[in-house]
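I'm keeping a notebook on this one, a few short entries as I click around. Here is the model I had open.

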Amino acid sequence: MTNQELADLIFPNITKTIADYELEYPARNLPEGAKVVRFAPSPTGFMHIGNMMSATINYVLARSSKGVFFLRNEDTDQARTVEGAVDFIHHILNYYGIMADEYEYNGEIIGNYGPYIQSERMEIYHAFIKHLITIGRAYPCFLTSEELEEIREYQAKSKKRIGIYGRYAKYRYTSNEELAKKIQNGEKYVIRFRSEGDFNKKFVFEDLTQGKIEFPENDIDVPIMKSENKLPTYHFAHVVDDHLMHTTHVVRGNEWMSSVPLHYELFKAFNFKMPKYIHTSLILKKDEETGAIRKISKRKDPEALMFYYEEKGYPVLAVIDAVLTIANSNYEEWRTNNPDKPFYEFPFSPKKMSPSGALFDLDKLNNISKNYLSKMSASELYENYLAWAKKYDSHVYELISRYKDDTIAFLNIEREIKKPRKDYENYSTIFSKSWYMYDEAWSKDLTYEFAKITAKEEILKVMTSYLKIYDEADSQDIWFQKIKELASSMNYASDMKDYKEHPDNYKGDIADFTTIMRVVLTTLKMTPNLYDIMQILGKERMQKRLEIFEESY
RNA sequence: GGCUCGUUGGUGAAAUGGUUAACACAUUGCCCUCUCAAGGCAACAUUCAUGGGUUCAAAUCCCAUACGAGUCACCA
């Protein structure tokens with residue numbers, strides 16, 4: 001029985017050949033140096049920060065080279081597929097502005113190299129597997145999971161390399177007739193690749209990030225098609241898809257590094273050109289309990305999942321910057337030198353990517369984010385804050401919609417200056433630093449953070465005297481001049497030098513005096529500029545807050 | 001255990017054989033100041049996991065050791 005006959009027995013309905021597919025997927029017509037890249041997640045979990053890094057790098061690579069970025073859904077593991085994962089991927093790519101040029105979503109295919117969902121490419125894979133069987137580079141294998149387990153145990157016990165290779169690959173030596181008989185009997189089988197590699201021989205592989213690496217050749221007969229659903233395994237689908245879709249650069253996690261010898265042999269078996277590889281380093285995390293360095297975990301680390309940044313309200317570009325800073329440490333320098341350029345113009349260099357994993361630093365993200373938020377205009381910040389609140393905090397949304405002008409005015413305090421305030425690292429922290437501006441947020445159980453002066457009587461005296469002279473029309477200079485005068489008249493030092501020399505002559509200094517006003521008006525001893533706050537509140541509400549103080553303190 | 005990679009400060013890191021080991025974040029101190037934020041100025045690795053070697057010269061090259069990571073599925 002010939003290989004061809006065996007192949008026909010296994011795939012009787014596959015009539016297209018590899019050559020047919022080569023014609024269907026012609027070379028892409030792109031300018032010199034254009035990179036064709038892909039983001040190829042499997043929908044078995046929600047997109048995490050590592051995926052995000054990979055997607056962003058792909059996007060940058062494609063944009064900066066005038067190439068193509070496509071999205072491929074690797075859903076060959078149907079048992080582990082998670083509901084909603086695909087939607088979330090599309091949402092995140094759109095949200096961060098790194099959407100692919102070619103993709104397939106909701107039944108619609110954008111691009112000429114699809115389908116972009118692997119489960120829809122079954123016939124293609126089968127044609128390629130059929131070819132491999134025909135040329136003697138693949139065969140059906142009937143090893144049961146019990147037998148596999150036995151082999152593994154034996155190998156482990158006798159300290160041999162684990163895997164189906166050499167004499168352990170029982171069915172690679174079985175005649176086609178016998179194989180055919182088993183198939184006709186309805187026995188379960190996988191298709192395995194027939195490796196011709198020699199573990200004792202080395203080959204040198206050049207990874208764009210990791211550099212030259214020497215590997216032993218692959219000699220394992222890996223499964224390329226599963227028995228149950230007849231779908232290909234990752235390794236096989238990678239070779240077929242990235243060949244037909246003309247991928248030039250594969251960006252993938254470092255965990256794939258050790259599969260390179262296999263992929264190398266697979267590409268060789270078809271005589272296909274291997275794409276270039278950029279194996280990105282892992283994102284690690286220091287475990288807070290044990291102090292150990294480990295791979296960032298979706299379960300333990302909320303910041304691992306991309307939900308986190310959106311819920312917290314980090315600006316999109318801040319997250320992108322943080323991710324690219326991990327990817328290429330010179331990104332930061334480039335960013336400071338090119339503050340207005342879009343991130344995708346950054347000349348990403350795989351070589352500059354650290355080969356070892358990096359700890360994801362939330363402090364750094366916070367810093368980047370604070371800078372972004374401080375550079376927005378008050379109304380721009382307000383719009384973003386509002387959009388965030390609409391989705392994640394209905395209480396805040398209600399308040400800031402109702403008090404739009406006050407909110408913008410508050411956000412504008414010390415903003416339109418050369419070095420604006422950097423109060424907020426994300427939208428979700430704004431309210432905790434501005435709640436006191438909203439009358440509705442003043443509950444019955446207020447905590448007044450008075451400092452030096454705590455006597456109610458004195459506080460009332462100060463406030464009533466002050467409200468008598470307060471004039472909304474005053475400029476900040478006049479406003480402060482008046483405060484100083486009043487303070488002096490009530491025996492608070494307006495001259496700090498004199499206060500330092502003779503502290504006992506005074507009830508307190510000017511700071512103690514303004515603290516009284518600040519705390520009565522906001523309950524807090526630390527707030528942005530008091531003049532601006534008073535301007536926003538207006539005299540009437542100031543009066544009201546004094547009454548609240550009188551009742552509740 | 002096999003294979004592969006890595007190890008520079010609290011964090012991300014630069015430096016690719018040659019003066020005091022960049023820079024950013026974080027931290028701390030001082031200054032400014034109505035508080036805070038911001039800003040300004042400082043401080044923070046006598047040393048690049050450890051040991052040996054090559055060299056006039058090593059964080060940089062070589063070897064060994066230790067530690068860490070990834071991988072070894074009909075998961076991707």
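**Entry 1: two helices and their buried sides**

I started with α16, whose buried residues pack against α14, α15 and α21. Before going further I noted that this is a predicted model.

Which residues of α16 are buried? I found Thr-407, Phe-410 and Leu-411. They cover an arc of only 95° around the axis, so they sit on the same side of α16.

Next I looked at α14, which runs over residues 378-392 and has 15 residues. From its first C-alpha to its last I get 20 Å, close to the 21 Å expected at 1.5 Å a residue. The buried residues in α14 are Leu-381, Tyr-382, Tyr-385, Trp-388 and Ala-389. Looking down the axis of α14, I see its buried residues within an arc of 130°, so they line one face of the helix. What covers them? The cover includes α13, α15 (394-402) and α16 (404-411).

**Entry 2: strands around β6**

I moved on to β6, residues 190-193. Val-190 and Arg-192 point one way, Ile-191 and Phe-193 point the other way, and all are buried. That fits what I wrote down from class: in a regular strand the side chains alternate between the two faces of the sheet.

Which strands pair with β6? One of them is β5 (residues 138-141), which runs antiparallel to β6 and is joined to it by 4 bridges. Here Ala-138 stands opposite Phe-193. Another is β9 (residues 223-225), also antiparallel, with 2 bridges to β6. In that pairing I found Arg-192 opposite Pro-223.

**Entry 3: one enclosed strand, one open strand**

Is β11 enclosed or in the open? I counted 4 of its 5 residues (276-280) as buried, so β11 is largely enclosed by the rest of the structure. β10 runs parallel to β11, and 5 bridges join them. Gly-253 stands opposite Thr-280 in this pair.

Then I checked β8. Of its 6 residues the number buried is 0, so β8 lies largely in the open. Its partner is β7 (residues 202-207), antiparallel and joined to β8 by 6 bridges. The two form a hairpin, with 3 residues between them. Within the hairpin, Glu-206 has Lys-212 in β8 as its bridge partner.

**Entry 4: around the RNA**

β8 turned up again when I looked at RNA strand B. Which element gives the most to the surface near RNA strand B? It's β8, with 4 residues. Other elements giving two or more residues include α6 (145-157), α11 (316-327), α13 (362-375), α20 (510-522) and α21 (530-552). So α13 and α21, which I met in the helix entry, are on this list too.

There are 65 residues around RNA strand B, and the ones that come nearest are Ser-42, Glu-74, Ser-354, Ser-356 and Lys-419. By class, I noted 23 nonpolar, 19 polar and 23 charged residues on this surface.

**Entry 5: odd spots in the loops**

I went through some loops last. Where is Pro-115? I found it in the loop between β4 (108-110) and α5 (122-134). The peptide bond from Gly-114 to Pro-115 is cis, with omega near 0°.

Lys-66 has a phi near 55°, which is a positive value in a residue other than glycine. It's in the loop between α3 (49-64) and β2 (68-71). Buried or exposed? Lys-66 has 12 other C-beta atoms within 10 Å, and the cut-off for exposed is 12 or fewer, so it counts as exposed.

Lys-230 is another case: it is not a glycine, yet its phi is positive, about 60°. I found Lys-230 in the loop between β9 and α8 (234-244). With 15 other C-beta atoms within 10 Å, Lys-230 comes out as partly exposed.

My last stop was Glu-255, in the loop between β10 (249-253) and α9 (260-270). Glu-255 is exposed because it has 12 other C-beta atoms within 10 Å. I also looked up its distance to Ser-281: the two are 26 residues apart along the chain, and their C-alpha atoms are separated by 8.6 Å.

Key
Residues are numbered from 1 along each chain as its sequence is written. Chains are lettered from A and ligands numbered from 1 in the order in which they are written. This is a predicted model: local features need pLDDT of at least 70, side-chain atom pairs count only at pLDDT 80 or more; totals for chains, interfaces and linings use all residues. A residue is near a molecule or strand if its C-beta atom, placed from the backbone, lies within 6 Å of it. Ala, Val, Leu, Ile, Met, Phe, Trp, Tyr, Cys and Pro count as nonpolar, Asp, Glu, Lys and Arg as charged, and the others, Gly among them, as polar. A residue is buried if 20 or more other C-beta atoms lie within 10 Å of its own, exposed if 12 or fewer, and partly exposed in between; C-beta atoms are placed from the backbone. Two strands pair if DSSP finds at least two bridges between them. The expected span of a helix is 1.5 Å times one less than its number of residues. The arc is that of the directions from the helix axis to the C-beta atoms. Two residues are in contact if their C-beta atoms, placed from the backbone, lie within 7 Å.
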